Amino acid sequence: MREVIAVSDPYPIVEVQPEWILEPEQMGSKEKFWYWNPDCPAAWLFKYPRQNTGEHWAEKIASEVASVLGTRHARVELATFQGERGSVTESFVRKGSLLHHGNQLLEGVVHGYDLERRFRQSSHTLENIWQVIDEILEPEDRRRAKLDIAEFVVLDALIGNTDRHDENWGLLWKWDDIDLNVAVAPSFDHASSLGRELRDGRRDRYLTEDRVGCYAENGRGAIYWSENERHGPSPLELVRRAARTYPHLFQPALMRPRGLNRGIVSDLVNRIPNDWISPSARRFAIELVRYNCERLQELV
């Protein structure tokens, strides 16, 4: 018999209307499109999950975890379009602003950086990200920008996000009547989190054998530690190394998950409607965040 969770306060589900559609989104590998709800002040991006994955609920849970941490992030909701399920992300690029993705920035700063390379981009390192910030931002803005990136890296470690590649962060240029301000854009695109790609049988084995930690430790992240590495370290291992090398940046970020206990995480996960996520996926997501949170707290 399928386990049923009593969802007392389920997340709302946005029903996207065909007449709202603006244009398809070309960036990335998943089908998606932009739309504009006349009742909302910004455009939204509808994303379909890959087949047999929980990318839609992973996006939503990740955004809620970020909210609890106080980490700047794009707003996400569960959504449907013509009977198909997905997630929608609110655009933070408003009138008078422009987003430059990490690959564009790195190409202009790091000699020989190939912005077209999709996989094993070993030049996508924290050190090179710091170089972008140091060369583009004003001195008084650099520390805040690096603290933002550190918070994103800690969030990735907490939720097991392995897809912080060079198009999944950026700098946002904003113009007002007088000044131009440049800052790190809010964190976005967290679909590759929380074991969203696993089938339930494999999740159950990890849970039964108490090996959720093995899953977390064996992940390969998209930010490299060294250009000489074949693979990026796991999100957790990246934070371990960064906390030793850049303690002034990562210790503040590591303080944020202190109050994120199992009860809070369970509440966030259990608000996903029963027919959107399996019982095994719920349990695995909760256990993964618990394990990651405990490992992060060892670094404080």
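1. In this predicted model, the accessible surface of the chain comes to about 14500 Å², and carbon and sulfur atoms account for 47% of that area. Of the 300 residues, 54% count as buried. The C-alpha trace spans about 60 × 50 × 35 Å along its principal axes, and the radius of gyration of 19 Å agrees with the value near 19 Å that a compact globule of 300 residues would have. Among contacts between residues at least 6 apart in sequence, 67% join residues that are at least 24 apart.

2. The secondary structure of the chain amounts to 10 helices and nine strands. Six of the strands form an open sheet with mixed pairing, in the order 1-5-6-4-3-2. Strand 1 (13-16) and strand 2 (21-24) stand at its edges with a single partner strand each, so that one side of each is left without a neighbour in the sheet. On average, and with direction ignored, neighbouring strands of this sheet are turned by 35 degrees against each other.

3. Within the six-stranded sheet, strand 1 and strand 5 run parallel and are joined by four bridges, with Val14 standing opposite Ala79 of strand 5. Strand 5 and strand 6, by contrast, pair in the antiparallel sense over six bridges, and the bridge partner of Phe81 in strand 6 is Glu84. These two strands form a hairpin with two residues between them, and Gln82 in the turn has a positive phi of about 50 degrees. Strand 3 (residues 32-35) and strand 4 (residues 44-47) are also antiparallel, with four bridges between them, and Tyr35 is found opposite Trp44 of strand 4.

4. Helix 1 (residues 55-69) packs on this sheet, where it touches strand 4, strand 5 (76-81) and strand 6 (84-90), and its direction makes about 155 degrees with that of strand 5. How many of the residues of strand 5 are buried? Six of its six residues are, and both faces are covered, with Val76, Leu78 and Thr80 buried on one side and Glu77, Ala79 and Phe81 buried on the other. A colleague inspecting the side chains may wish to note that Glu77 is listed among these buried residues.

5. A further open sheet consists of three strands in the order 7-8-9, with antiparallel pairing. Its edge strands are strand 7 (97-101) and strand 9 (180-184), each of which pairs on one side only, and the twist from one strand to the next averages 20 degrees. Strand 7 is joined to strand 8 (residues 170-175) by five bridges, and Leu99 stands opposite Leu172 in strand 8. Helix 2 (residues 102-109) packs on the sheet by touching strand 7 and strand 8, and its direction makes about 70 degrees with that of strand 7.

6. On the other side of the pairing scheme, strand 8 and strand 9 are antiparallel over five bridges, and Trp173 stands opposite Val182 in strand 9. Strand 8 and strand 9 form a hairpin with four residues between them.

7. Helix 4 (residues 139-159) has 21 residues and reaches 32 Å from its first C-alpha to its last, which is close to the 30 Å expected at 1.5 Å a residue. Because 15 of its 21 residues are buried, helix 4 is largely enclosed by the rest of the structure. Just after this helix, Gly160 takes a positive phi of about 70 degrees.

8. Helix 7 (residues 235-245) has as its buried residues Pro235, Leu236, Leu238, Val239, Arg240, Ala242 and Ala243. Their cover includes helix 3 (126-136), helix 4, helix 6 (212-218), helix 8 (247-255) and helix 10 (279-297).

9. Is Asn292, which is found in helix 10, buried or exposed? Asn292 is buried, with a relative accessible area of 0%, a value that lies under the 20% cut-off for burial. Leaving aside neighbours within four places in sequence, Asn292 is in contact with Ala157, Leu158, Ile159, Gly160, Ala216 and Leu236. The pair Asn292 and Leu158 is 134 residues apart in sequence, whereas the C-alpha atoms of the two are 5.1 Å apart in space. Two of the residues already mentioned thus return among these contacts, namely Gly160 and Leu236.

Definitions and conventions:
Residues are numbered from 1 along each chain as its sequence is written. This is a predicted model: local features need pLDDT of at least 70, side-chain atom pairs count only at pLDDT 80 or more; totals for chains, interfaces and linings use all residues. Side-chain values use heavy atoms; hydrogens and water are left out. Two strands pair if DSSP finds at least two bridges between them. Axes are lines fitted to C-alpha atoms, for helices over the stretch in contact, and angles run from 0 to 180 degrees between N-to-C directions. Contact means heavy atoms within 4.5 Å. The expected span of a helix is 1.5 Å times one less than its number of residues. Buried means under 20% relative accessible area, exposed over 50%, partly exposed in between (1.4 Å probe, protein chains only). The radius of gyration is taken over C-alpha atoms; the globule rule is 2.2 Å times the number of residues to the power 0.38. Accessible areas come from the Shrake-Rupley method with a 1.4 Å probe; for residues, only the protein chains shown count as cover.
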